[in-house]
Amino acid sequence: MREIDVNEVRNVIEKLAKEAAFVLPEEFLQAEREMLEKEESELGREVLKQLIENAELAKRERLPICQDTGLAVIFLEVGQDVHFINGNLIDAINEGVRNAYRENYLRKSVYFNPYKRDKNTGDNTPAIIHTEIVPGEQVHIKFSAKGGGSENMSALKMMRPADGIEGVKKFVLERVSEAGGNPCPPIVVGVGIGGNFEYCAYLAKKALLRPLNDEHPDPEIAELERELLEKVNRTGVGPGGFGGTQTAVAVKVEVHPCHIASFPVAVNIECNAFRHKEALI
């Protein structure tokens with residue numbers, strides 16, 4: 001049994017939240033540079049140039065990549081041999097988010113009441129926290145600052161089993177086309193297939209946290225990802241939604257077994273402010 005002080009978790013969360021706001025992952029920045037070489041639209045190339053310049057400036061000047069500094073979403077993989085001490089884990093995570101957003105003057109975007117909208121929590125908490133128990137004695141933390149523009153373009157559909165994989169492809173492409181420039185392309189598209197109503201949405205969001213250049217271990221799903229990416233980039237949405245050949249950096253698909261009568265599919269979209277950071281304790 002390994003003991004981990006929750007204050008260590010708090011400090012890691014605070015660091016990840018701050019870095020996510022200021023520093024675009026190098027893999028995403030490199031992907032945008034490669035898109036710039038491929039983009040056929042002059043306006044699309046100009047948008048990509050400005051996005052790259054913005055990311056470089058944010059990192060250099062320690063400024064937010066985007067004015068929407070996102071809702072904190074945390075995925076925790078907790079080793080079953082870990083015992084947390086000196087406090088409550090959830091409280092520690094929220095304190096880390098609170099410290100990062102207050103001390104770095106990041107925009108606070110959380111309302112206490114989602115329909116009254118009369119009072120902001122003032123510190124961007126509470127975070128959305130997903131926990132998975134895994135073998136071992138380590139804690140893997142994945143932090144995402146999810147912007148409202150891209151989140152609002154996501155969707156879930158309880159499809160008919162008869163719709164099959166072609167129905168999935170149609171749903172994904174329709175969602176990207178209808179979203180247009182709202183999620184601030186170039187985007188990453190996460191797709192969750194199976195499970196149930198809530199779990200397919202979880203899968204879609206979790207898919208966004210995979211490395212951009214990885215390949216799904218299932219060859220059939222890996223091929224589906226490549227096909228969807230090619231078709232998404234043929235929608236013509238383009239950088240910023242101004243038209244072009246480079247709409248998405250990647251499409252990531254996660255699949256889970258489901259009930260024989262169900263076929264849930266979710267699409268979660270990530271914007272060009274790809275604010276993802278992770279750490280291992």
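**Backbone oddities and overall build**

Pro-186 sits in the loop that runs between helix H6 (164-179) and strand S7 (187-195). The model is a predicted one, and in it the peptide bond joining Pro-185 to Pro-186 comes out cis, with omega at about 10°. Cys-184 belongs to the loop between H6 and S7 as well. Cys-184 has its own quirk: phi is positive, at about 60°, even though the residue is not a glycine. As for solvent, Cys-184 has a relative accessible area of 39%, so it counts as partly exposed, the class between the 20% and 50% cut-offs.

Another loop worth a look is the one between helix H4 (89-103) and strand S4 (128-134), which is where Pro-126 is found. The bond between Thr-125 and Pro-126 is a cis peptide, and omega there is about 5°. Tyr-105 also lies in the loop between H4 and S4. The phi angle of Tyr-105 is near 55°, a positive value in a residue that isn't glycine. Is Tyr-105 buried or exposed? Its relative accessibility is 74%, and because the cut-off for exposed is over 50%, Tyr-105 lands in the exposed class.

Put together, the loop between H6 and S7 holds Pro-186 and Cys-184, while the loop between H4 and S4 holds Pro-126 and Tyr-105.

Zooming out, the protein is built from 8 helices and 10 strands. Its radius of gyration is 19 Å, close to the 19 Å that the globule rule gives for 281 residues, so the protein is as compact as a globular protein of that length. In terms of extent, the C-alpha trace spans about 55 × 50 × 40 Å along its principal axes.

On packing, 51% of the 281 residues count as buried. Contacts with a separation of 6 or more come mostly from far along the chain: residues 24 or more positions apart account for 81% of them.

The outside of the protein adds up to an accessible surface of about 13,700 Å², and carbon and sulfur atoms own 50% of that. Charge-wise, there are 34 positive and 44 negative side chains in the protein. How far apart do the centres of the two sets lie? The spacing is 4 Å, set against a C-alpha trace that spans about 55 × 50 × 40 Å along the principal axes.

Definitions and conventions. Residues are numbered from 1 along each chain as its sequence is written. This is a predicted model: local features need pLDDT of at least 70, side-chain atom pairs count only at pLDDT 80 or more; totals for chains, interfaces and linings use all residues. Side-chain values use heavy atoms; hydrogens and water are left out. Helices (H or I, at least four residues) and strands (E, at least two) are DSSP runs, numbered from the N terminus. Buried means under 20% relative accessible area, exposed over 50%, partly exposed in between (1.4 Å probe, protein chains only). The radius of gyration is taken over C-alpha atoms; the globule rule is 2.2 Å times the number of residues to the power 0.38. Contact means heavy atoms within 4.5 Å. Accessible areas come from the Shrake-Rupley method with a 1.4 Å probe; for residues, only the protein chains shown count as cover. Lys and Arg count as positive and Asp and Glu as negative; His and the chain ends are not counted. The place of a charge is taken as NZ of Lys, CZ of Arg, CG of Asp or CD of Glu.
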